[in-house]
Amino acid sequence: MDQLLGLIEARTATIGVVGLGYVGLPLVLLFEEAGFPVLGFDVDEQKTAKLARGESYIRHIGEERIQRAFGGRAEATTNFARLSECDAIIVCVPTPLGEHREPDLKYIRVTAETIARVIRRGQVIVLESTTYPGTTREELLPRFEATGLKCGTDFFLGFSPEREDPGNERFSTKNIPKVVGGIDADSLRAAAALYGAAVDHVVPVSSAEVAESAKLLENIFRAVNIALVNEMKVVFDRMGINVWEVIEAAKTKPFGFMPFYPGPGLGGHCIPLDPFYLTWKAAEYGVWARFIELAGEVNTSMPRYVVDRVTEAVNRAGKSILGATVLVLGLSYKPDIDDDRESPSFELIELLQERGAKVSYCDPFIPEARRGRKHDLGLKSVPCTADEFAKYDVVLVSTPHSAFKDASLYGKTKLVVDTRNIVGADAAEKVVRA
Ligand SMILES: NC(=O)c1ccc[n+]([C@@H]2O[C@H](COP(=O)([O-])OP(=O)(O)OC[C@H]3O[C@@H](n4cnc5c(N)ncnc54)[C@H](O)[C@@H]3O)[C@@H](O)[C@H]2O)c1
């Protein structure tokens with residue numbers, strides 16, 4: 001333990017980061033910039049090759065940062081045997097849901113087995129992937145201890161949730177407080193020392209399970225509140241009340257209220273998926289997390305609600321949705337980034353196509369719709385211009401990219417359905433909020 005703490009203090013500990021995605025890559029940069037030698041591991045050879053060439057594959061991470069790090073103390077590799085060179089290993093692999101919304105831990109398990117093959121005395125291993133409480137202790141610990149090494153004396157194991165917010169200009173990996181939990185007291189000491197060397201604030205908690213649960217609470221808090229405001233939208237809409245104006249008014253209360261905003265559905269890697277890690281685990285204890293399930297039900301019904309509103313609006317304009325041309329604005333799940341994971345825009349497009357509409361999309365951040373696990377649109381973005389927008393029977397705002405806030409884009413449009421309240425009522429001939 002003392003040797004590991006000494007290496008961390010001297011910044012000579014080699015840090016391994018497994019999974020170089022939205023979470024892992026910023027961590028590599030963080031530790032490299034803090035003065036550590038860093039080895040980044042990924043199964044995707046294209047990613048490691050790009051990093052070696054100094055190229056970025058995540059839009060909000062600039063190439064000069066990549067070039068500085070990978071021309072400096074960082075290296076990317078697909079050779080997992082090199083995990084043995086690392087004094088600290090941080091795991092940031094995906095944690096998706098399976099076909100039946102059950103946790104899919106295969107990436108964590110494969111990684112745990114890979115690490116178990118090379119684990120050695122004096123290493124600290126931290127899981128960062130979002131998951132249900134108990135994963136670190138139930139999935140990682142037994143695989144590592146099966147080697148004969150003992151946690152807390154030979155190696156150290158903890159969990160520390162990632163709180164990355166891509167595109168956030170105020171908060172980055174360095175200044176977002178880092179919650180850290182250990183399997184035992186010495187594991188907590190080791191993991192807290194590791195992050196303490198690179199981030200501004202470490203928040204130690206009493207166990208890995210508390211750290212795992214804190215992340216889920218944060219995401220469930222968002223999912224439930226977004227569901228609440230989506231329900232408010234449906235209710236107020238029926239009553240002819242503008243929910244956006246209601247939120248603006250309510251948020252002037254200086255205490256006890258936090259604004260959440262409605263939208264066409266949930267997107268991203270976290271909020272639509274993570275809550276169901278907890279509901280699944282809760283069932284093992286005979287507890288039904290009804291609030292979370294209800295929030296999921298409300299949020300997943302939103303794309304259909306929006307498409308119903310589009311159909312009505314087109315109908316009122318004297319047309320049929322069958323054969324109507326629809327331009328969906330935005331494919332990414334949140335503004336001004338190129339991340340399209342779980343984006344509700346895909347579902348909007350498919351539901352509109354099912355109803356016979358001819359759908360195009362415009363997204364300055366995503367020139368071509370990627371083929372995903374669930375979707376294969378085979379579409380390319382159309383230009384973001386007023387002349388282009390004017391060609392469609394209806395323009396449907398899904399993602400509030402800054403570029404879409406330019407009122408002059410809508411001057412020649414006939415009908416706009418706006419799920420994000422970014423198009424002024426007089427910007428187009430007709431604007432419907434949905
Ligand atoms: N994206 C976010 O904003 C965010 C925020 C908080 C937490 N998280 C959590 O962090 C974890 C990672 O998410 P992400 O957004 O970075 O995902 P990602 O898909 O961007 O990156 C995961 C990376 O892991 C790689 N990978 C897959 N299997 C691997 C293996 N066996 N060994 C090594 N690498 C492997 C993939 O090639 C990919 O590069 C998830 O659990 C997610 O829930 C994500």
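Colleague: Which backbone atom contact links Tyr22 to the ligand, and at what distance?

Modeller: A polar backbone atom of Tyr22 is 3.0 Å from an oxygen atom of the ligand. A polar contact is a pair of N or O atoms within 3.5 Å, so 3.0 Å qualifies. Bear in mind that this is a predicted model, where local features need pLDDT of at least 70, side-chain atom pairs count only at pLDDT 80 or more, and totals for chains, interfaces and linings use all residues. Residues are numbered from 1 along each chain as its sequence is written, and side-chain values use heavy atoms, with hydrogens and water left out.

Colleague: What makes Thr95 a polar contact of the ligand?

Modeller: A polar side-chain atom of Thr95 lies 2.5 Å from a ligand oxygen atom. That value is within the cut-off, so the pair counts.

Colleague: Why is Glu139 called buried?

Modeller: Its relative accessible area is 10%. Buried means under 20%, exposed over 50%, partly exposed in between (1.4 Å probe, protein chains only). Glu139 is therefore buried. Glu139 sits in helix α6, residues 135-145.

Colleague: Why do Phe31 and Phe36 count as buried?

Modeller: Phe31 has 0% relative accessibility, so it is buried. Phe36 also has 0%, so it is buried.

Colleague: How many aromatic pairs are there?

Modeller: The count is nine. Phe31 and Phe36 form an edge-to-face pair, 5.7 Å centre to centre with 70 degrees between the planes. Rings of Phe, Tyr and Trp (its six-membered ring) pair if their centres lie within 6.5 Å; planes under 30 degrees apart are stacked, over 60 edge-to-face, the rest tilted.

Note on methods. Polar contact = N/O pair within 3.5 Å; in protein donor to acceptor, adjacent residues only side chain to side chain. Helix = DSSP H or I, 4+ residues; strand = E, 2+ residues; numbered from the N terminus.
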